[in-house]
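Please explain how this structure is put together, beginning with its strands and helices and moving on to its charged side chains, cysteines and unusual backbone angles.

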Amino acid sequence: MRVLGIDPGLTRCGVGVVEGVAGRPLTMIGVGVVRTPADAELGDRLVAVERGIEQWLDEHTPGFVAVERVFAQHNVRTVMGTAQASAVAMLCAARRGIPVALHTPSEVKAAVTGSGRADKAQIGAMVTRLLRLDAPPRPADAADALALAICHIWRAPAQNRLQRAVAAHRSPGTSRTAGSLGVSRTPAASRTPRRTGSHDTPGSSSTPGTPGTSSTPRTLKGRTA
């Protein structure tokens with residue numbers, strides 16, 4: 001499995017490619033940063049981020065792209081820039097038909113260091129150890145991109161099992177209906193209520209003129225019975 005991890009940002013967008021499978025040593029294929037000038041127009045900066053990510057996709061042809069999920073911060077301007085760069089990254093991958101996964105910072109930290117509250121230094125140290133590097137990648141955005149790729153490789157098997165279970169649960173034939181249980185229901189409008197009264201007797205009919213139930217006196221040879 002080859003994964004391109006992307007730590008989105010307008011000024012520095014970290015990118016890192018990791019290859020391997022869960023449970024075995026991983027290999028770093030490449031790492032870097034896509035930079036844009038802070039004084040440039042927003043549209044031009046987004047185009048620069050797109051071109052940089054496209055170059056990484058062309059060069060390394062990953063099978064998956066892992067992007068950091070944007071979370072709320074007090075600095076709205078920073079959040080907006082991160083969200084815009086994240087959207088560009090997802091667009092580049094989706095345009096090529098590459099599956100995209102979003103991971104929160106806490107998920108990445110917990111996967112790589114064992115603690116969801118790890119700092120940048122701890123992440124860099126663990127990335128260096130896991131990928132058997134000589135030194136932590138610089139800047140920190142590059143190390144975060146590698147950590148995203150590592151996180152996805154380790155979490156992908158469990159996520160795939162969960163997705164298959166959900167798909168099987170939603171597949172046709174799993175829902176229970178009255179017809180599937182062999183239960184036949186007659187509409188209430190078609191049911192005829194049974195009439196009861198003091199003149200009803202077993203085997204008799206309530207319809208006038210029926211033998212044995214007529215209210216007219218019987219005559220026999222002109223005499224009243």
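A residue is taken as buried when its relative accessible area is under 20%, and a salt bridge requires a side-chain nitrogen of Lys or Arg within 4 Å of a carboxyl oxygen of Asp or Glu. The model discussed here is a predicted one. With these cut-offs in mind, aspartate 7 makes a useful starting point, for this residue is buried yet has no salt bridge, and the nearest side chain of opposite charge, that of lysine 120, is 5.1 Å away. Because a salt bridge calls for a separation within 4 Å, the pair formed by aspartate 7 and lysine 120, at 5.1 Å, does not qualify. Aspartate 7 belongs to strand β1, which covers residues 2-7, and, leaving aside residues up to four places away in sequence, its contacts include Arg12, Cys13, Glu68, Asp141 and Asp144.

Lysine 120 does have a partner elsewhere, since its side chain meets that of aspartate 144 in a salt bridge with an N to O distance of 2.4 Å. Aspartate 144 lies in helix α5 and lysine 120 in helix α4, so the salt bridge ties together parts that are 24 residues apart in sequence. Aspartate 144, which is also among the residues that aspartate 7 touches, is buried, with a relative accessible area of 8%.

The strand that carries aspartate 7 is itself largely enclosed by the rest of the structure, because five of the six residues of β1 are buried. Strand β1 runs antiparallel to strand β2 (residues 12-19), to which six bridges join it, and the connection between the two is a hairpin of four residues. Within this pairing, isoleucine 6 stands opposite valine 15 of β2. β1 also pairs with strand β4 (residues 64-68), here in the parallel sense and over four bridges, with glycine 5 placed opposite alanine 66 of β4.

A salt bridge also connects β1 and β2, as arginine 2 and glutamate 19 approach with their closest N and O atoms 3.2 Å apart. The two residues are 17 residues apart in the chain, arginine 2 in strand β1 and glutamate 19 in strand β2. Both ends of this pair are partly exposed, arginine 2 at 24% relative accessibility and glutamate 19 at 32%.

Turning to the helices, α1 has 19 residues and reaches 27 Å from its first C-alpha to its last, close to the 27 Å expected at 1.5 Å a residue. Its buried residues, among them Val49, Ile53, Trp56 and Leu57, pack against β1, β2, β3 (27-35), β4 and α2. Helix α2 (residues 76-95) has 20 residues and spans 28 Å, close to the 28 Å expected for it. Val79, Ala85, Val88 and Cys92 are among its buried residues, and what covers the buried residues of α2 includes β1, α1, β4 and β5 (100-103).

Charged side chains provide a further link in this region, where glutamate 54 forms a salt bridge with arginine 96, the closest N and O atoms being 2.5 Å apart. Glutamate 54 is in helix α1 and arginine 96 in the loop between α2 and β5, 42 residues apart. Glutamate 54 counts as buried at 15% relative accessibility, whereas arginine 96 is partly exposed at 37%.

Which residues are joined into one network by salt bridges that share partners? Beside the salt bridge of aspartate 144 and lysine 120, Glu50, Glu54, Asp58, Arg95 and Arg96 form such a network, and the structure as a whole holds eight salt bridges.

The cysteines can be treated briefly, as a search of the whole structure finds zero disulfides. For cysteine 92, the nearest cysteine sulfur is that of cysteine 13, 9.4 Å away. Cysteine 92 counts as buried at 0% relative accessibility, and cysteine 151 is likewise buried at 0%.

Several features of the backbone remain. Helix α1 is followed by threonine 61, whose phi is positive, near 40°, although threonine 61 is not a glycine; at 56% relative accessibility it counts as exposed. After α2 comes glycine 97, with a positive phi near 75°. In the loop between α4 and α5, arginine 132 is found, with a positive phi of about 55°. That loop also holds proline 139, and the peptide bond from arginine 138 to proline 139 is cis, with omega near -5°.

Definitions and conventions: Residues numbered from 1 in each chain as written. Predicted model: local features only at pLDDT ≥ 70, side-chain atom pairs only at ≥ 80, totals over all residues. Heavy atoms only, no water. Buried < 20%, exposed > 50% of the residue type's maximum accessible area, 1.4 Å probe, protein only. Lys, Arg positive; Asp, Glu negative; His and termini not counted. Contact = heavy atoms within 4.5 Å. Disulfide = S-S within 2.5 Å. Pairing = 2+ DSSP bridges. Expected span 1.5 Å × (residues − 1).
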